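This briefing sets out the main computed features of one protein chain for a reader at the bench. Please consult the sequence and the model shown here alongside the points that follow.

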Amino acid sequence: MIILWFPFFTTLFWPVICTCPPEEDIAPHCICKDLGDGPMMLCNNVMSTDELFPLIKSTDSYDMFALTLMNSALSYIPSDLFKGTQYQKIRFVNTQIMSLSDDDLAFVGLEDRLEELRATDAHYVTQWDWSQLRNHRRLDLIDINLISMHSLDQEFPALKSLTALGLIKAEISFIHPTAFSKLENLQILDMRDNLITELLQFKGNEFLCDCRLKWLVKVGKPFYFQGSCSLPENLNGMSLKDISEKMLRC
């Protein structure tokens with residue numbers, strides 16, 4: 001018996017797996033592409049939660065990798081917006097967001113999924129309530145860039161998974177004395193190009209001391225300041241008070 005195999009015909013009868021929602025469900029605001037890491041949706045010019053809600057809910061049955069929201073303006077992100085979704089990375093670009101949530105918790109449904117939260121270039125943002133992120137167990141990176149935050153008036157919640165925090169060009173001049181005290185596993189803190197004149201302490205934190213920490217050398221530190229390097233090996237255990245710019249390499 002001779003068995004003939006025709007791949008062409010198998011493609012006709014084998015179901016095609018769609019990684020993105022139908023274009024008609026997300027147009028004209030959004031497009032969705034899978035570039036290898038997983039399906040990523042990019043949305044533009046969304047000006048209300050009423051517009052945003054159906055766009056996100058159209059991805060409920062898809063294993064989405066990332067969402068980028070651009071050139072938009074929202075008073076808040078609805079707390080239950082991401083229930084049923086699978087996003088791992090969320091980024092806001094040139095988007096004004098007054099609050100991360102309309103309730104006590106933000107990004108409900110992504111507590112064991114969300115790994116990165118980024119925001120870049122928003123000109124009118126009030127103080128975000130970082131405690132709204134307290135239930136997130138996989139959040140590894142928070143990166144805020146070119147957003148006028150002015151101050152950090154509260155502690156970050158005990159995000160045990162958070163290893164990298166960037167607050168760059170945020171016009172920050174004041175940091176709460178214990179702002180980072182609960183971030184036990186924070187290794188990278190990048191606060192370049194802010195208006196900080198003095199830090200209090202990073203007791204209990206051990207940092208990766210590379211070029212991203214050069215901003216800290218120039219900031220005043222009181223006598224009781226505590227904090228140390230864990231990596232690289234040649235700086236292991238060295239106090240942050242004693243490092244110089246020449247020691248910090250990438």
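Leaving aside residues up to four places away in sequence, which residues does Asn194 touch? In this predicted model, Asn194 touches Leu167, Ile168, Lys169, Ala170, Glu171 and Ile172. The chain that holds these contacts has 250 residues, of which 45% count as buried, and its secondary structure comprises four helices and 14 strands.

**The chain as a whole**

- Among contacts with a separation of 6 or more, 54% are made by residues 24 or more positions apart.
- The chain exposes about 13,400 Å², and 54% of this area is supplied by carbon and sulfur atoms.

**Asn194 and its surroundings**

- Asn194 is placed in the loop between strand E12 (188-190) and strand E13 (206-208).
- Its relative accessibility is 16%, and Asn194 counts as buried because the limit for that class is under 20%.
- Asn194 and Ser173 are 21 residues apart along the chain, and their C-alpha atoms are separated by 6.8 Å.

**Cys209 and its surroundings**

- Cys209 lies in the loop between E13 and helix H4 (214-217).
- With 1% relative accessibility, Cys209 counts as buried.
- Beyond its neighbours within four places in sequence, Cys209 is in contact with Cys229, Leu231, Pro232, Leu235, Leu240 and Leu248.
- One of these partners, Leu248, is 39 residues from Cys209 in sequence, while the C-alpha atoms of the two are 6.2 Å apart.
- Two further partners of Cys209, Leu231 and Pro232, are joined to each other by a cis peptide bond with omega near -5°.
- Pro232 belongs to the segment after strand E14 (228-231).

**The other cis peptide bond**

- Ala27 and Pro28 are joined by a cis peptide bond, with omega about 0°.
- Pro28 is placed in the loop between H2 and E1.

**Helix H3 and its cover**

- Helix H3 spans residues 49-57, and within it Thr49, Leu52, Leu55 and Ile56 are buried.
- Viewed down the axis of H3, the buried residues fall within an arc of 125°, so they line one face of the helix.
- The cover over the buried residues of H3 includes helix H2 (23-26), E1, E2, E3 and strand E4 (73-76).

**The largest pocket**

- The largest pocket holds about 240 Å³ of space.
- Its lining is made up of 15 residues, and those closest to the centre of the pocket are Met40, Met41, Ala66, Leu67 and Thr68.
- Two or more lining residues come from each of strand E1 (30-34), strand E2 (39-44), strand E3 (66-70), strand E5 (89-93) and strand E7 (116-122).
- Among these strands, E1, E2 and E3 are also part of the cover over the buried residues of H3.
- By class, the lining consists of nine nonpolar, one polar and five charged residues.

**Positive phi values outside glycine**

- Phe107 is a residue other than glycine with a positive phi, near 55°.
- The location of Phe107 is the loop between strand E6 (96-99) and E7.
- Phe107 is buried, with a relative accessible area of 0%.
- Leu146, also a residue other than glycine, has a positive phi near 60°.
- Leu146 is found in strand E8, which covers residues 141-147.
- Is Leu146 buried or partly exposed? At 41% relative accessibility, Leu146 counts as partly exposed.

**Ala158 and Leu183**

- Ala158 lies in the loop between strand E9 (151-152) and strand E10 (164-168).
- The relative accessible area of Ala158 is 45%, and this residue is therefore partly exposed, the class between the buried limit of 20% and the exposed limit of 50%.
- In sequence Ala158 and Leu183 are 25 residues apart, whereas in space they are 5.6 Å apart, C-alpha to C-alpha.

Methods:
Residues numbered from 1 in each chain as written. Predicted model: local features only at pLDDT ≥ 70, side-chain atom pairs only at ≥ 80, totals over all residues. Heavy atoms only, no water. Buried < 20%, exposed > 50% of the residue type's maximum accessible area, 1.4 Å probe, protein only. Contact = heavy atoms within 4.5 Å. Areas by Shrake-Rupley, 256 points an atom, 1.4 Å probe, with all protein chains shown as cover. 1 Å grid on protein atoms, 1.4 Å probe; cavity = no way out; pocket = protein on both sides within 12 Å on 5 of 7 lines; lining within 4 Å. Points joined across faces, edges and corners; volume = space filled by probe spheres on them. Nonpolar A, V, L, I, M, F, W, Y, C, P; charged D, E, K, R; others polar. Arc of directions from axis to C-beta.
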